[in-house]
Structures are given as structure tokens and as C-alpha cells.
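Please load the model in a viewer and keep the sequence panel open beside it. The tour below proceeds by selection, from whole domains to single residues.

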Amino acid sequence: MFSWLGTDDRRKKEPEVFQTVSEGLKKLYKTKLLPLEESYKFHEFHSPALEDADFDNKPMVLLVGQYSTGKTSFIRYLLEQDFPGMRIGPEPTTDSFIAVMHGDTEGVIPGNALVVDPKKPFRKLNAFGNAFLNRFVCAQLPNPVLESISVIDTPGILSGEKQRISRGYDFAAVLEWFAERVDRIILLFDAHKLDISDEFSEVIKALKNHEDKIRVVLNKADQIETQQLMRVYGALMWSLGKIVNTPEVIRVYIGSFWSHPLLIPDNRKLFEAEEQDLFKDIQSLPRNAALRKLNDLIKRARLAKVHAYIISSLKKEMPSVFGKENKKKELIASLGDIYKRIEREHQISPGDFPNLKKMQDQLQAQDLTKFQPLKPKLLEAVDDMLANDIASLMILVRQEETQRPNPVVKGGAFDGTLDGPFGHGYGEGAGEGIDEAEWVVARDKPAYDEIFYTLSPVNGKVTGANAKKEMVKSKLPNTVLGKIWKLADIDKDGMLDDEEFALANHLIKVKLEGHELPSELPAHLVPPSKRKIPE
């Protein structure tokens with residue numbers, strides 16, 4: 001059992017004990033952050049209140065992209081089975097948000113029923129109205145992949161202002177709501193159409209504060225040749241650079257995420273390596289879920305604090321009797337100056353402030369006289385949470401990680417290449433010759449023997465100093481050569497015989513060809529004469 005003591009609880013005679021990080025987060029939110037949010041109308045301006053399901057739900061992956069970029073096919077590829085409500089085609093087929101989640105039986109839960117289920121983290125989507133709820137469903141099915149993660153499929157993004165209006169709900173706002181709560185956002189692009197429409201540009205900007213969650217997939221890359229693919233990749237990076245204003249280069253995975261044969265198989269190895277990298281990223285989500293929720297709560301608390309300062313500053317400036325409307329207009333117009341003043345007075349980073357234009361628009365509909373003045377006790381509780389409680393909870397996160405077996409996403413496509421000859425890198429690098437009866441190093445051993453006998457062997461072995469003179473000719477750093485030496489010196493006598501020397505040169509060749517060295521020497525690389533040596 002894990003225990004963690006809150007700051008307030010330490011002052012009590014009987015401290016409260018939490019079983020999990022999730023329980024601690026719920027308690028912190030309800031007792032320390034929620035009162036501040038409610039007092040300063042945080043939920044009307046930024047984000048609805050969090051519920052228990054937001055802390056308990058499985059990691060979620062949000063797929064976003066223009067129509068026909070392969071979002072639904074991507075989910076089908078991961079699950080290796082169809083899911084209820086799935087439609088795939090070259091035309092805009094998915095017109096709904098589909099939450100693909102685990103369930104004991106296959107079925108579809110419509111949006112209006114979904115947002116009243118307290119066990120699902122979607123209750124606050126009720127605020128977007130029937131126009132959205134009629135386009136929101138949950139597809140449930142018993143699939144091993146969904147035991148660890150849930151996937152949100154979204155409608156294909158179209159071009160033009162008309163399409164956005166015809167949806168009947170604020171599409172970008174819904175995606176922003178999901179972005180705050182998901183663990184990973186995957187933007188899909190079709191290698192044949194990289195034009196970023198107005199609505200897609202608006203959507204990417206709505207995800208501005210969640211760049212750490214965003215990954216990009218350049219899909220259907222098997223349909224173009226290598227030279228074109230290089231140009232397409234460059235064009236995509238250029239387009240993204242104009243929209244995603246971050247100094248870091250966004251991570252782009254190149255591949256073809258469906259089960260059809262590759263049209264142009266030239267880049268097969270590249271696609272396999274990129275797929276494995278993406279799979280590792282998705283598989284890490286359950287392990288990092290508690291840390292992500294903790295991080296999001298900290299981010300929310302910082303924004304709530306700044307919001308409280310803004311609201312209380314506006315309240316302080318408002319007259320009690322006459323000239324309220326004129327003063328309101330004046331304050332909204334000078335909100336940028338109020339931001340700067342708060343930034344100076346409270347030493348707050350400019351990046352913690354909400355979007356100025358959006359805040360000004362929201363304030364138009366508010367009665368500033370009903371705002372609350374500054375309440376130091378509420379702010380102190382949040383400061384205490386950030387300074388002390390979160391640090392204590394971080395210790396519990398680490399404890400849970402070490403005590404719990406490593407949780408990764410299993411099943412579906414994630415199991416397809418783990419074992420057997422179709423695993424990524426099978427039979428390559430240090431794995432070359434794994435299925436062969438003959439020792440793979442023997443092919444080049446005659447050439448290695450010629451070098452071996454020039455190094456003045458004594459009693460059939462060369463010293464470490466003499467071997468070093470030859471090994472450093474590879475120009476590999478000493479750290480790498482040191483690892484190769486440990487792998488090759490099987491009997492650990494500080495010298496190499498002809499087989500060990502050949503093995504060392506083979507491992508040098510493996511590294512020079514761009515492959516990683518194994519942490520332990522694979523059985524098929526052990527020289528035949530050494531295979532009976534007890535470890």
C-alpha cells in the first residue's frame with residue numbers, strides 16, 4: 001500500500017492515507033484548486049471542472065487530420081479488427097467523433113447517453129449541445145489494445161469557412177477540449193495532399209498549448225518514390241513551421257499505416273523503423289499516464305492562478321455605482337496593460353497568461369461588477385499545492401512505477417512484429433546469422449586472421465595494447481570500442497585469441513554499418529570453441 005500525506009493533513013492528528021496517485025490528484029483538485037476555479041469563474045472562461053473519471057480514465061490518443069488521410073484506417077491497423085461505426089473511403093466518410101474504447105461486448109453508445117455516464121470522462125461535453133452530441137458516439141469492443149488505451153477518431157477536416165459553419169458546433173473548441181485531456185495527439189497527413197486548409201490551420205492553432213503531446217504521421221508514403229518523398233517531407237515541415245510556432249522541430253513519422261501491400265516497396269526498411277518508433281511512443285503512454293495527469297494539473301493550476309489575478313484586478317478597477325459600462329469597455333481595451341502589470345507585480349511568466357484576444361471577447365458577455373476580489377487564502381492553498389503537495393505526490397508516482405509491472409500496450413499491430421523473422425531488425429546487424437548453423441563471423445575470419453598475425457600474438461593471443469592499435473583505426477570512440485572489447489573478450493583474460501579478435505572486428509563492422517550493439521553477446525555470435533564455457 002502506498003501512502004502520501006497532504007500538507008493540510010499533516011496538521012491533523014490522524015493523517016489521511018491515499019492508495020494511488022489518482023486518488024491523491026482527485027483530493028488535491030477538489031480541496032485546493034477547485035475552490036479557486038469556482039470563485040473566479042474559471043470554468044466559464046477556460047475549461048469545465050474536472051471529474052473523477054478524468055483522473056481514472058485510460059490514456060487516450062486523439063487522431064486529427066483532413067479527410068482521407070487514413071485516420072480510421074490507422075485505428076483499424078492498430079486494432080487489427082473493425083470497430084462499430086467504422087466507415088472507410090476516399091470521400092469524407094467519418095462525420096462523427098468516435099471514442100473507440102474497451103467493452104465486454106461490441107456496441108455503440110450514442111452521444112446523449114454517453115455524456116450522462118459518470119464512468120466515462122465525457123460528461124462536460126454536454127456543453128457543446130445537441131448539434132455536437134448527435135455527432136458523437138462511443139464504439140465499444142473487446143480488443144486487447146483497448147485494455148490499455150482508448151482512441152478518439154475525429155471527422156475529416158474540410159476546406160473553407162462554409163464547412164466549419166455547417167457543422168453546427170465549434171469544431172476547434174471541441175478538439176481543444178479533447179486536447180486538454182488526451183495523452184497523445186496524432187496529426188495525420190496524406191503524402192499526396194499537403195495543403196493545410198483554413199479549418200485545419202485553425203485546429204492546429206487551437207492545440208497551441210499542447211505541443212508536447214503532438215506527433216505527426218505522414219501517411220500513405222508507400223505511394224510515392226524516394227525522391228518525391230524527400231520533397232514531400234520537406235514541404236510538410238515547411239508548412240508546419242508556419243503554423244506551429246515552436247523552436248523545436250516537430251516529430252514526423254513516415255509510413256503507410258494499413259494492411260495493404262506496399263505499392264512502392266523501396267523504403268520498406270524506413271517505414272518499419274518509423275512504425276516501431278511510433279509504436280514505442282504509443283506503448284509508453286500507460287507507463288507515463290499518472291505523470292501526464294500530474295503535469296496537466298500543474299498547468300491548469302498555473303492558469304487558474306493567473307486567471308484569479310486578472311479577474312480580481314478587473315473587479316478592483318470597476319466603479320461601484322456610475323459609469324460601469326464605459327469603464328468595462330476601457331478595461332477590456334487595456335487588458336494587455338493589465339497583463340503586464342500582473343506579470344510585474346507577481347513575477348509571472350508571460351507564457352502563463354491566456355490568449356489576449358480570446359479573453360477580451362469572453363469578457364464582453366460578463367458583468368465585471370459580480371467578479372470576486374482577491375482572496376489570498378485561496379491562492380495560498382494553490383501555492384502550497386504546487387510547492388509541497390505536488391512534490392510529495394511525485395514521490396508516489398515513482399513508487400508506483402517501480403512497484404507495478406511495466407504496463408505497455410499489447411495486442412493488435414503491437415504484437416505483429418515482436419517475435420519471429422518479421423520483427424524489426426531481425427537478421428540485421430548483431431542479429432545477422434541468427435538462423436544459420438555456421439558461425440557468421442567465419443565468413444570474414446580469413447581476412448581478420450591476416451591482421452591478427454601481424455599483431456605479434458603470444459601463445460595464440462594478442463594483448464590489449466596491440467589489439468587497441470588495430471581497433472582504433474575504425475575511428476569509433478573509446479566508449480564504443482570499450483563495449484566491443486567487453487563483448488569480444490569472452491574468457492575475460494584481457495587478451496584476444498583469433499576467434500575473439502575476429503568477433504571484435506565483426507562487431508566493429510556492425511557498428512560502422514549503423515546498427516546498435518547488443519548489451520549482451522547473442523548466443524549465435526559466441527565462437528564455436530567458446531560455446532561450452534560455463535558462465
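Domain bounds, as used here, come from an automatic or database domain assignment. The model under inspection is predicted.

**Stop 1: the domains**

Colour the chain by its assigned parts: domain 1 comprises 21–49 + 291–403, domain 2 comprises 60–284, and domain 3 comprises 429–530. Then display domain 1 together with domain 2. Taken over C-alpha atoms, their centres are separated by 31 Å. Nine residues from domain 1 and eleven residues from domain 2 make up the contact.

How much area is buried between domain 1 and domain 2? The value is about 700 Å², and carbon and sulfur atoms give 33% of it. On the domain 1 side, select Pro 48, Arg 292 and Lys 299, the residues that lose the most area to domain 2. Together these three account for 57% of what that side buries.

**Stop 2: Asn 57**

Move next to Asn 57, which lies in the loop between helix 4 (52–56) and strand 1. Is Asn 57 buried or exposed? Its relative accessibility is 10%, so Asn 57 counts as buried, the cut-off being under 20% relative accessible area. With neighbours within four places in sequence left aside, Asn 57 is in contact with Pro 121 and Lys 293.

**Stop 3: strand 1**

Follow the chain from this loop into strand 1, residues 60–65. Six of the six residues of strand 1 are buried, so the strand is largely enclosed by the rest of the structure. Show the side chains to see how the two faces divide: Met 60, Leu 62 and Val 64 belong to one side, while Val 61, Leu 63 and Gly 65 belong to the other.

Which strands pair with strand 1? One is strand 5 (residues 150–153), parallel to strand 1 and paired over three bridges. Within this pairing, Val 61 has Val 151 as its bridge partner. Another is strand 6, also parallel to strand 1 and joined to it by five bridges. Here Leu 62 stands opposite Ile 185, and Leu 63 has Ile 186 as its bridge partner.

**Stop 4: strand 6 and its crossover**

Select residues 184–190, which form strand 6; seven of its seven residues are buried. Arg 184, Ile 186, Leu 188 and Asp 190 lie on one side, and Ile 185, Leu 187 and Phe 189 lie on the other. Both faces are covered.

Add strand 7 (residues 214–219), which runs parallel to strand 6 and is joined to it by six bridges. Ile 186, already met as the partner of Leu 63, has Arg 215 as its bridge partner in strand 7. Now include helix 10 (residues 198–206): with strand 6 and strand 7, this helix makes a right-handed β-α-β unit.

**Stop 5: Ser 392**

Return to domain 1, which includes 291–403, and select helix 17 (residues 376–403), where Ser 392 is found. Ser 392 has a relative accessible area of 18% and is buried. A C-alpha to C-alpha distance drawn from Ser 392 to Arg 287 gives 19 Å in space, for residues 105 apart in sequence.

**Stop 6: the annotated region**

Finish at residues 476–511, which an unreviewed UniProt entry annotates as "domain: EF-hand". Over this range the chain is 69% helix and 8% strand. The C-alpha atoms at the ends of the range are 9 Å apart.

How values were computed: Residues numbered from 1 in each chain as written. Predicted model: local features only at pLDDT ≥ 70, side-chain atom pairs only at ≥ 80, totals over all residues. Heavy atoms only, no water. Buried < 20%, exposed > 50% of the residue type's maximum accessible area, 1.4 Å probe, protein only. Helix = DSSP H or I, 4+ residues; strand = E, 2+ residues; numbered from the N terminus. Pairing = 2+ DSSP bridges. Right-handed = clockwise from strand over helix to strand, strands pointing away. UniProt positions renumbered as here; feature names shortened; annotations may be inferred. Contact = heavy atoms within 4.5 Å. Buried area = accessible area lost by both parts, 1.4 Å probe.
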